[in-house]
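Please examine the sequence and the structure shown here. The paragraphs that follow lead from one residue and its surroundings to the chain as a whole.

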Amino acid sequence: MDDLQLTQGHWPDSDSQVVTEGDGGLGSTITVASQKLTVVGAAISITSTSDAWVLPSEIPALATAAGGGAGGAGPGGSAQAQMLYQFS
């Protein structure tokens with residue numbers, strides 16, 4: 001189990017947005033393969049298992065841009081997906 005906390009900005013609410021681990025860089029643009037993503041938030045994870053978070057709908061585009069098709073990673077990479085739940 002992880003304790004994921006948003007420390008700046010907001011969670012992605014549309015494709016092409018990303019939350020990064022650490023201090024953020026709100027408003028900056030990062031490129032993953034050929035996909036440009038706008039940093040809209042920063043978060044910390046107690047398990048340090050992720051560096052960035054996007055909407056599930058963005059994952060196929062990122063995988064395709066990385067050369068791995070809709071379901072996999074590009075050359076030399078490994079595909080990972082993590083489902084996060086919030087309990088209240």
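**From one residue to the chain**

L37 is a residue of strand 4, which spans residues 35-45. The model in which L37 is described here is a predicted one. L37 has a relative accessible area of 2%; because the limit for a buried residue is under 20%, L37 counts as buried. Setting aside residues up to four places away in sequence, L37 touches S16, Q17, V18, S28, T29, I30, V32, V54, E58 and L62. One of these partners, E58, lies 21 residues from L37 along the chain, and the C-alpha atoms of the two are separated by 9.9 Å.

A second residue to consider is T20, which is located in strand 2, residues 17-21. The relative accessible area of T20 is 12%, and T20 is therefore buried as well. Beyond its neighbours within four places in sequence, T20 is in contact with I30, V39, G41, A42, A43, D51, A52 and W53. I30 thus appears among the contacts of both L37 and T20.

The view may now be widened to the chain. Five strands and one helix make up its elements, and their order from the N terminus is β-β-β-β-β-α. The chain has 88 residues, of which 23% count as buried; L37 and T20 are among the buried residues. Where contacts link residues at least 6 apart in sequence, 48% of them join residues at least 24 apart. The accessible surface of the chain amounts to about 5,700 Å², and carbon and sulfur atoms account for 53% of that surface.

Note on methods:
Residues numbered from 1 in each chain as written. Predicted model: local features only at pLDDT ≥ 70, side-chain atom pairs only at ≥ 80, totals over all residues. Heavy atoms only, no water. Helix = DSSP H or I, 4+ residues; strand = E, 2+ residues; numbered from the N terminus. Buried < 20%, exposed > 50% of the residue type's maximum accessible area, 1.4 Å probe, protein only. Contact = heavy atoms within 4.5 Å. Areas by Shrake-Rupley, 256 points an atom, 1.4 Å probe, with all protein chains shown as cover.
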